[in-house]
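Colleague: Could you walk me through how the labels on this structure are decided? I would like to see how each word follows from its rule.

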Amino acid sequence: MSAQPPPPPQWVVDLNTPPTTKPKTNVADPPGYTASLTRRDRAAASKQSVRKQPTPDEMDTLKMKKAWEVAIAPAKQLPMNAIGMYMTGNTLQIFSIFMVFTLFKTPLIAALNLQKTFAPFETPGTSGRLIMVKIVYLLTNALMLGLGIWKVNAMGLLPTTRSDWLAWEAERTWSERAVPREWL
Amino acid sequence: MRVNAALAFAACLAPIAAIFEDDAYHIDFHYALLGYPKPEATFFQKPYAASKASLLYTVSENGTIGAINPKDGALVWRSDQGISGNGHLRAGEDQDTVISAVGNRIAAWSASDGRIVWETSIDGAIAEDLEILEQEDGISNNDAKDAIVLVAHGSSGVKRLDGKTGRVKWTFEDTSGDTPFQVSSSPTTIYYIALHSPLLGGGSKIRVTSLSPITGKKLDSYTLSSEGEVYTKENILFAGANTAAPILAWTDKAYKVLKVNIIGTKGVSSFNTPASESIESIVLHAPRKVNSLPHFLAEYQTATGHSAEVYHVDLKKNAISQAYKLPLLQGKGTFATSTTDANVFFTRITSDEVSVVASVSDGVLGKWAVNGSPSLAGAYPVHGVAEVVVKGNSASAIRSAALFSNGQWALIRNSEIAWNRPEFLSGTVSAVWAQLPEEESLAQQLEEEHHQDVISAYIHRVQRHLRDLEHFPAWLQNLPNRILGSVTDQSGSSTIEEIQHDTFGFHKLVISATERGRLSALDVGSQGKIVWSIDLHQFAPGAVITRPSLKAFRGFVEVKDPGLTSPLFINSTTGSQVSLEHAHNQWLPNLDQETLVTYKLSEGELQGFLGTESTAQAVWTFTPPPGEKIVRYTARPAKDPVASIGKVLGDRRVLYKYLNPNLVLVTAVAEAGRRASVYLVDSASGQLLHTASHYGVDVSRSIPSTFSENWFSYSLTLDSTSKASRGYQLVVSELFESPLPDDRGPLGDSANSSTVLPMGEAAKPHVISQSFQIPEEISHMTVTQTRQGITSRELIVTLPSSNSIVGIPRGVIDPRRPVGRDATAQEQSEGLVKYAPMVLFDPKWHLNHKYEVAGIKDVITSESGLESTSLVFAYGKDIFGTRVAPSFTFDVLGKGFNKVQMLLTVAALFVGVLFVAPLVRRKQINSLWTVPQ
């Protein structure tokens with residue numbers, strides 16, 4: 001006996017044939033839902049986001065501002081370094097030696113890399129004004145170096161006293177030599 | 001708990017200049033010497049009746065009493081009474097004491113440990129002889145046996161001392177004016193033997209007085225006619241002690257006749273001595289024990305050989321007869337007597353053989369060929385004692401302690417030399433550090449290069465290195481041994497080559513001379529090994545050397561002595577004589593720039609002369625104030641390197657040292673004010689730079705002083721009559737150019753200076769002194785020396801009362817120690833601590849640790865090859881040597897360093913690298929070839 005199977009239920013039909021297009025309804029999208037943009041939409045959006053380019057003057061001001069920040073930066077580290085130096089004491093230890101070494105290294109490297117550091121801020125408009133910034137940068141680095149020298153001096157490593165040059169002082173030569181008779 | 005840990009840690013950090021335990025007995029050595037043992041006072045004796053082993057007792061010629069363990073030659077005990085003189089030592093049978101008489105002191109010592117049992121002294125006389133009263137009325141006394149003492153040189157007589165207390169039981173006074181010679185005792189009588197010299201000269205008669213042992217009363221007296229033979233005491237050979245038949249033997253000057261008398265009888269037996277060769281000396285050997293057979297042996301010494309005759313005494317007939325002869329042997333030898341029960345044995349000791357005969361017949365009981373020892377090469381036995389073990393008719397074992405002609409006291413056990421003690425080193429009066437010729441020549445060559453220009457110096461050096469290549473194969477051959485030796489810590493024997501190729505410079509030769517004229521070389525680096533030893537008399541026949549003084553030159557030493565007409569020159573490495581027209585003076589090289597001034601003490605004042613001529617007029621004289629007498633002067637050592645010319649203070653400023661090579665410290669004492677003064681004199685100009693006086697000083701005690709760098713120190717004994725109690729002081733003074741830091745004084749920075757020029761007047765040093773109380777008297781002081789003078793110095797003092805040598809660190813006696821306040825942080829950083837008036841000798845400072853270093857006369861120091869280490873050698877009665885590192889051995893690996901572990905670690909790392917290398921390589925290649933993800 002062959003009997004026709006019953007037609008599938010509606011939900012099965014719905015499942016097998018999902019809606020291909022978004023149903024045109026007047027219902028607004030739920031908040032937070034963004035429909036994927038169509039090409040036209042995208043073109044319209046890009047047309048809207050074009051910003052007005054800053055003028056070279058504005059650019060220069062901005063660059064100068066940035067340059068000043070770079071120049072002042074070592075001075076900002078100075079108090080922290082000073083406290084660190086003070087805390088490590090004047091004894092010769094591996095930590096204080098490392099810290100002093102960095103105190104000397106950083107300003108010297110900074111001075112050597114001066115042009116490189118300020119190259120991004122170099123424009124025809126700023127080059128004149130940058131000299132001042134560079135000098136300040138060098139000065140703040142010199143402050144750092146000064147802190148290092150103060151520390152080294154406190155540690156007694158600078159040859160500033162007479163005892164440091166004692167080895168180069170010679171014993172007096174005497175023009176007479178006296179010996180007991182029995183030594184002869 | 002934590003506090004304790006912290007304290008323990010702090011204690012570890014504190015600088016302690018001590019001898020490390022593993023260094024003791026390795027870096028130092030000590031010869032605990034007695035001196036030459038006296039033949040009649042040396043014997044084997046059981047320390048107490050039940051003892052199984054016996055000890056070897058002796059009194060030496062310098063009066064030291066001692067006991068030696070015959071097994072190994074170690075000193076068991078000794079006592080140096082400080083009296084050198086004719087010493088006597090006797091021990092009764094089965095007694096636990098030995099009784100000694102040295103000078104006027106008679107003492108009984110516990111035989112096993114040398115503790116004093118009793119002691120007594122004779123007033124106004126000296127003990128001439130000592131005997132133990134073994135038997136009284138034929139009964140032997142088992143309690144403490146009494147001693148019979150013969151006193152002479154003053155009041156003469158015989159005393160009997162109680163063996164328990166030393167109390168005098170009776171005294172027999174001899175007022176006849178005869179010269180007391182000896183006492184002897186038989187079981188019933190005490191015989192007092194004296195020499196009766198006629199007023200008109202000529203020979204002496206021997207007077208024998210018999211005394212009652214109980215009362216000391218004179219029983220009888222008779223005279224033996226010996227005037228034909230006896231002139232001095234030396235002509236009497238023997239006065240028998242404590243035998244059943246005491247004998248008295250004498251001979252004539254030519255040793256032709258031997259006359260023997262049995263004491264107590266008047267008969268004299270006369271024997272002709274062997275006429276084969278001219279006899280040079282006769283020695284009689286007889287047993288000492290009361291119950292032994294009355295036999296004795298006469299030993300005849302000729303120039304080339306020796307022989308003996310054995311005599312028997314017939315007690316019933318009172319007759320003496322010759323029993324047998326021992327044949328003449330070529331070469332020197334000696335005889336020793338030993339007894340077992342009643343049997344008497346004679347031991348003949350020669351340099352290559354020991355043989356034993358019984359006294360009853362001439363059959364040889366035992367004979368041993370002696371294996372030679374390098375220390376006894378060429379020497380012959382002079383006298384000895386022996387112990388024999390006889391089983392049946394043969395001697396199964398023998399040991400004999402003999403003094404050899406080279407001063408070695410050796411024990412021959414059967415045929416082995418069991419030990420030898422270098423007793424000839426005792427009584428060293430002068431010692432110097434030898435300068436070896438080779439090491440000096442290298443210095444000379446370097447000096448030569450220094451003066452040449454660069455190119456020729458370079459060529460010279462290359463040539464020298466090429467010449468050195470000839471040693472290369474030998475060096476290469478030695479290399480495995482050296483590496484093995486350094487790993488296993490074994491130092492080989494010391495030879496001259498080794499001393500020359502010593503890397504660390506610890507092996508230095510000390511040449512020492514004794515008052516008997518023996519010159520020896522000791523290697524301080526290898527436990528004081530005697531490298532060579534010679535008798536100086538062989539180079540100067542006829543001279544009598546008593547006070548030799550040595551001076552070291554390059555490759556040789558110069559020996560001067562009042563008994564020598566001209567100085568002797570002895571090669572430092574071989575001990576042979578070198579002939580030199582004139583010794584090259586060690587001062588002369590520098591004299592092209594400097595004016596030489598010499599000075600000497602004469603007629604109570606110090607006089608300076610230009611040049612070396614003694615005829616020149618004195619350019620300056622230093623005379624102490626009236627009443628004061630100069631006792632000594634101390635100059636800065638000739639070789640005194642100074643590393644730094646200033647002293648760096650805590651605040652890094654500099655106090656400049658006053659460094660003047662011509663400084664001399666003169667010590668003078670005045671009896672009247674009990675005053676001791678020190679004067680610091682510039683010996684170039686004679687200028688007085690500084691003076692200090694101390695009152696209430698015991699001026700009879702010595703005031704040792706020393707000078708080093710820019711500081712000097714001296715030590716005083718304070719008089720007990722002064723207000724302060726008796727005590728000892730150590731004064732240290734330091735000289736600076738100026739009291740102000742960073743100031744070089746009036747001379748400023750000028751590199752040249754002269755104290756003779758007028759500028760000198762102002763340039764007096766600034767002196768800082770401090771005195772410290774010390775617990776003991778110091779008899780001698782010196783300062784350590786190092787190569788560059790960088791290492792801090794140590795003051796080495798000799799303490800005679802505790803027989804020790806102490807090294808006081810310089811920091812402890814720094815005169816800049818703050819007084820009355822704690823040191824500031826800056827002063828602490830200099831190492832200064834608050835002044836404390838008392839300096840106690842820390843046990844850790846004692847260089848001699850467990851050794852008892854007795855009778856030290858002088859201590860000499862020398863640099864070693866290492867900057868950290870200074871060599872120390874002390875001499876006198878004992879010999880002691882060590883090395884000190886006042887600032888620790890900073891330039892050499894310690895003994896605790898494990899070389900094997902280090903080598904194993906390196907090997908393990910190498911193996912590890914071999915394994916890991918392929919892995920790493922593969923990883924690196926892989927990392928290059930794999931595409932990054």
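Colleague: What makes the reach of helix 6 of chain A close to the expected one?

Modeller: Helix 6 covers residues 127–154 of chain A, 28 residues in total, and reaches 40 Å from its first C-alpha to its last. The expected span is 1.5 Å times one less than the number of residues, and here that expectation is 40 Å. Helices here are DSSP runs of H or I with at least four residues, strands are runs of E with at least two, and both are numbered from the N terminus. Please keep in mind that this is a predicted model, where local features need pLDDT of at least 70, side-chain atom pairs count only at pLDDT 80 or more, and totals for chains, interfaces and linings use all residues. Residues are numbered from 1 along each chain as its sequence is written, while chains are lettered from A and ligands numbered from 1 in the order in which they are written.

Colleague: Which residues of helix 6 of chain A are buried, and what do they pack against?

Modeller: Among them are Leu130(A), Val133(A), Tyr137(A), Met144(A) and Leu147(A). The buried residues of this helix pack against helix 3 (56–88), helix 4 (94–112) and helix 5 (114–118) of chain A. For packing, a contact means that two C-beta atoms, placed from the backbone, lie within 7 Å.

Colleague: Why are helix 3 and helix 6 of chain A called roughly parallel or antiparallel?

Modeller: Their packing angle is about 10 degrees, with axes 9 Å apart. Axes are lines fitted to C-alpha atoms, for helices over the stretch in contact, and angles run from 0 to 180 degrees between N-to-C directions. Angles under 35 degrees count as roughly parallel, over 145 as roughly antiparallel, 65 to 115 as roughly perpendicular and the rest as oblique. Helix 3 and helix 6 of chain A are therefore roughly parallel. The residues of this contact divide into 18 nonpolar, three polar and two charged. Nonpolar covers Ala, Val, Leu, Ile, Met, Phe, Trp, Tyr, Cys and Pro; charged covers Asp, Glu, Lys and Arg; the others, Gly among them, are polar.

Colleague: And how do you know how helix 4 of chain A runs relative to helix 6 of chain A?

Modeller: Helix 4 and helix 6 of chain A pack at about 155 degrees, again with a stated axis distance of 9 Å. That makes helix 4 of chain A roughly antiparallel to helix 6 of chain A. The residues of their contact divide into 12 nonpolar, three polar and one charged.

Colleague: Is Glu709(B) buried or exposed, and how do you know?

Modeller: Glu709(B) has 22 C-beta neighbours inside 10 Å, so it counts as buried. The rule calls a residue buried if 20 or more other C-beta atoms lie within 10 Å of its own, exposed if 12 or fewer, and partly exposed in between. Glu709(B) sits in the loop between strand 52 (705–708) and strand 53 (711–718) of chain B, and has a positive phi of about 50 degrees although it is not a glycine.

Colleague: What makes Arg652(B) count as partly exposed?

Modeller: Arg652(B) has 18 C-beta neighbours inside 10 Å, and therefore counts as partly exposed. Arg652(B) lies in the loop between strand 47 (646–648) and strand 48 (654–656) of chain B, with phi near 65 degrees.

Colleague: How many of the residues in the contact between the chains come from each?

Modeller: Chain A gives 20 residues and chain B gives 34. On the side of chain A, strand 2 gives the most, with five residues.
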